[in-house]
Amino acid sequence: AHIRDSDNLIHTYYSSDNSGKITITRFDYYAGIYSGTFFVTLYNKENPTKKAQITEGRFDVNIATLNK
């Protein structure tokens, strides 16, 4: 993830093993859409002790366009 800080600088953050959770809340078989929620703790590429948390993430993924 790329996160902009208060000084308007962009920093790169990565996840690590077991650093969050994804929950699929809906799957529409005919439309090919997965929906769900997630939370994750990310660490800064340049300074791994600096972390960012996403606590109420939400997504909708269309399988037909996922890799396009």
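**Close-up views of a predicted model**

**View 1. Phe59 and its ring partner in the predicted model.** F59 is buried, with a relative accessibility of 19%. The ring of F59 pairs with that of F38, the centres lying 6.3 Å apart and the planes at 40°, so the arrangement is classed as tilted. This pair joins distant parts of the chain, since F38 belongs to strand 4 and F59 to strand 5 (residues 51–62), 21 residues apart. F38 itself is partly exposed at 25% relative accessibility.

**View 2. Surroundings of I24 in strand 3 (residues 20–28).** The relative accessible area of I24 is 48%, and the residue is therefore partly exposed. Beyond its neighbours within four places in sequence, I24 contacts Y34, S35, G36 and F59. The C-alpha atoms of I24 and K51 are 25 Å apart, with their positions 27 residues apart along the chain.

**View 3. Surroundings of T12 in strand 2 (residues 10–14).** T12 counts as buried, at 19% relative accessibility. Its side chain makes a polar contact of 3.4 Å with the side chain of H2. When neighbours within four places in sequence are set aside, the residues in contact with T12 are A1, H2, Y43, N44, K45 and E46.

**View 4. Aromatic pairing of Y14 and Y43.** Five aromatic pairs are found in the whole structure. One of them is the tilted pair of Y14 and Y43, with 6.1 Å from centre to centre and 50° between the planes. Y14 lies in strand 2 and Y43 in strand 4 (residues 33–44), 29 residues apart, so that the pair links distant parts of the chain. Y14 is partly exposed at 38% relative accessible area, and Y43 is partly exposed at 27%.

Technical notes:
Residues are numbered from 1 along each chain as its sequence is written. This is a predicted model: local features need pLDDT of at least 70, side-chain atom pairs count only at pLDDT 80 or more; totals for chains, interfaces and linings use all residues. Side-chain values use heavy atoms; hydrogens and water are left out. Helices (H or I, at least four residues) and strands (E, at least two) are DSSP runs, numbered from the N terminus. Buried means under 20% relative accessible area, exposed over 50%, partly exposed in between (1.4 Å probe, protein chains only). Contact means heavy atoms within 4.5 Å. A polar contact is a pair of N or O atoms within 3.5 Å; within protein, one must be able to donate a hydrogen and the other to accept it, and residues adjacent in sequence count only if both atoms are side-chain atoms. Rings of Phe, Tyr and Trp (its six-membered ring) pair if their centres lie within 6.5 Å; planes under 30 degrees apart count as stacked, over 60 as edge-to-face and the rest as tilted.
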